[in-house]
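Hi,

Here is the structure I promised to send over. Have a look at it first, and my notes on what I found follow below.

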Amino acid sequence: MRLARARSRPGKIFLHHGLRLSAIVPAEVSFRDGALYSEQFGDVYFSLAGALEESRHVFLRGNGLPARFGDQPVFTIAELGFGCGLNFLATCQAWGAHAGAGARLHFISVEKHPFRKTDLARVHEAWPQLRDWSQALLVDYPPLLPGFHRLHLHGGRIALTLLFGEASQLLPELEARADAFFLDGFAPAKNPQMWTPALFVELRRLAARGATAASYSVAGAVRRALSQAGFTVEKRPGFGRKREMLIARIDRGTAGDRPRSRTAVVVGAGIAGASCALALARCGFDVQVLEAARQPAQGASANPAGLVRPFVTLERGARDRFSWAAFGYAVRHYAALSAIDPALWARSGVLQLARDAAHLRKLERALAELRLPAELARPVDSKEGARLCGAPVAGAGVWLGEAGWLRAARACAATFSCAGPRVQLRTGATVAVLDRRDGMVVVRDAAGGVLAESPHVVLANGYRAAALDAGNRLALRAVRGQVSLLPACLPSLRAPVCREGYVTPAFDGAHVVGATYQEEAKQTAARAEDHAANLARARSMLPGAFVDVDAGSLRSWVGLRCVSRDRRPVLGELSPGIHACLALGSRGFTWAPLAAELVACMIAQAPWPIERRVATALSPSRFFPSER
């Protein structure tokens, strides 16, 4: 499908499929009469004196918390107005003290003007009793990009989904079932967009049956909008000088339909399969992973090194929106895995060089339109680029400061290790047939033997999934890629450099250079001409380097990556009980963690980590709309 080019306007991010998000304007820390004050809305967030107890009184006890935390294994809260995160921190503290051992908390919060990380840290100093939770939040607090951001805290048992931008734009994109709502926007007279009838209709859509809501505001317009949306509303005693507060309940919300069976099978043990296993285990599933090879990470995930970076382009399609969200999620994911294996991930930054003057202009235009935070991406000339990466470079480009590179097989191993005992890996198990029987998917080998059966099967085995998809409706194909291992003759290089290929810093005695991209027969033998092409790429990006290297002496790795017809990932339900996490192409290590999180949340009926329209654009159903 061809994507139409949207006209750009300063300060806007344009996404296709009808979604347009404004660039973020951060909140500024300001105090008036001892209260944290919003210059944008001319109103106070709260008084620092008693703010924590007010949060507990209005939003926790107003929603019957923490008593309700023990009633169900997964509890979901949706909040209007993240502010400085006080309600979230108070909720985490209460949940940690009262939730069951296997419980999970989803906390979703929308904020038009989020604080910068440094400002959050400053404000949080007022509540030393919340320091541990504050530090956990600040470690993973995302850059201020519009859209969805999924964070994991408390060993993955708490999932925080931050929605940066206008509530009226983002709530319709949220797929979730909330058990409680925190209505904590600024006063209706100061911020009327947060209290519109249309917004409360969205709350009704998001409400689970029996959902509650609480707010400090008892304004007539708020009560009427909640009532019209189907909530039963009443006033309760407020906190401090606030005489009254509001609570509400809806009994006609959507009934919870979380899956009764908490088992799943994942086919494939590369980075996609490992990530799916971890995401499902976090959702409370027992997972069996079936891998045809004798050990995990033997396909495309066996690449000695992989880059984790965003792609700065002028495109505004669903793939690009997903790529930015996936990049942020991947950086947080691999940083967490570093606690298991400190050598697997290097958050070194990545230098993306422009191909030529025209490409440089496109990069500069993209940066201007996206208005990205400087720590994410900024233009650099060749001198600055050389200083940042540690070696002379061939021209100007973009410095991607939060990007990095990883050792691929180690990342897979750490992902499985993080998943823990809920995940069982079986190697040497080649899946040939998927049958359905009595609501179960039966997984068989070529001889008809049963390898596993479960109500939920995830195909994460790359191009090999085409044989399990009748008629290969997804049009999956293999793309050959060869990387070359160059002698470690550039010890000063401390960050990858990329253009039409990439060069990593040296490790284990070699620089990884690649990769070729060849849509052809599934041939995995090394080719001399590909070594020559990779060596030429490296020399063109890093002038003066590798001049004495002989292409004929190089070691290599060859893999087959999986791409779809439209080069977007394929994520979601393929047919009843069978889900896909496929077609991650050459961006697998950047895309896989969030792709797996989305698929797992679909299976678990948990809140989705990305916008609904983006998820729909990546669904397998795009290839067979007549079956929807």
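Let me begin with a helix pair. In this predicted model, Ile271, Ala274, Ser275, Ala277, Leu278 and Ala281 of helix 8 are in contact with Cys412, Thr415, Phe416, Cys418 and Ala419 of helix 12. Sorted by type, the residues of that contact come out as nine nonpolar, two polar and no charged.

As for the geometry, two packed helices are described by the angle between their axes and the distance between them. Here helix 8 covers residues 271-282 and helix 12 covers residues 408-419, and their axes come within 9 Å and cross at roughly 15°. Angles under 35 degrees count as roughly parallel, so that is what helix 8 and helix 12 are to each other. The crossing of the two is left-handed.

Now the sheets. One is an open sheet of three strands in the order 16-21-17, paired antiparallel. Strand 16 (306-308) and strand 17 (345-346) are at its edges with a single partner strand each, so each has one side without a neighbour in the sheet. Strand 17 pairs with strand 21 (residues 404-406) over two bridges, in the antiparallel sense, and tryptophan 345 has leucine 406 in strand 21 as its bridge partner. This sheet also has a helix to go with it: helix 14 (residues 588-604) lies across strand 16 and strand 21, and runs at about 60° to strand 16.

Another open sheet of three strands has the order 23-24-25, again with antiparallel pairing. Strand 23 (433-437) and strand 25 (450-454) are the edge strands, pairing on one side only. From one strand to the next the twist averages 25°. Between strand 23 and strand 24 (residues 440-444) there are five bridges in the antiparallel sense, and arginine 437 has methionine 440 in strand 24 as its bridge partner.

Last, strand 20 (residues 397-400) is worth a look for its pairings. With strand 18 (residues 350-353) it pairs antiparallel over four bridges, and valine 350 stands opposite leucine 400 there. With strand 19 (residues 378-380), strand 20 pairs over three bridges, also in the antiparallel sense; in this case valine 380 stands opposite glycine 397.

If you are colouring by side chain, keep in mind that in a regular strand the side chains alternate between the two faces of the sheet.

Cheers

Key
Residues are numbered from 1 along each chain as its sequence is written. This is a predicted model: local features need pLDDT of at least 70, side-chain atom pairs count only at pLDDT 80 or more; totals for chains, interfaces and linings use all residues. Side-chain values use heavy atoms; hydrogens and water are left out. Axes are lines fitted to C-alpha atoms, for helices over the stretch in contact, and angles run from 0 to 180 degrees between N-to-C directions. Angles under 35 degrees count as roughly parallel, over 145 as roughly antiparallel, 65 to 115 as roughly perpendicular and the rest as oblique. A crossing is left-handed if the near helix is turned anticlockwise from the far one by less than a right angle, and right-handed if clockwise. Contact means heavy atoms within 4.5 Å. Ala, Val, Leu, Ile, Met, Phe, Trp, Tyr, Cys and Pro count as nonpolar, Asp, Glu, Lys and Arg as charged, and the others, Gly among them, as polar. Two strands pair if DSSP finds at least two bridges between them.
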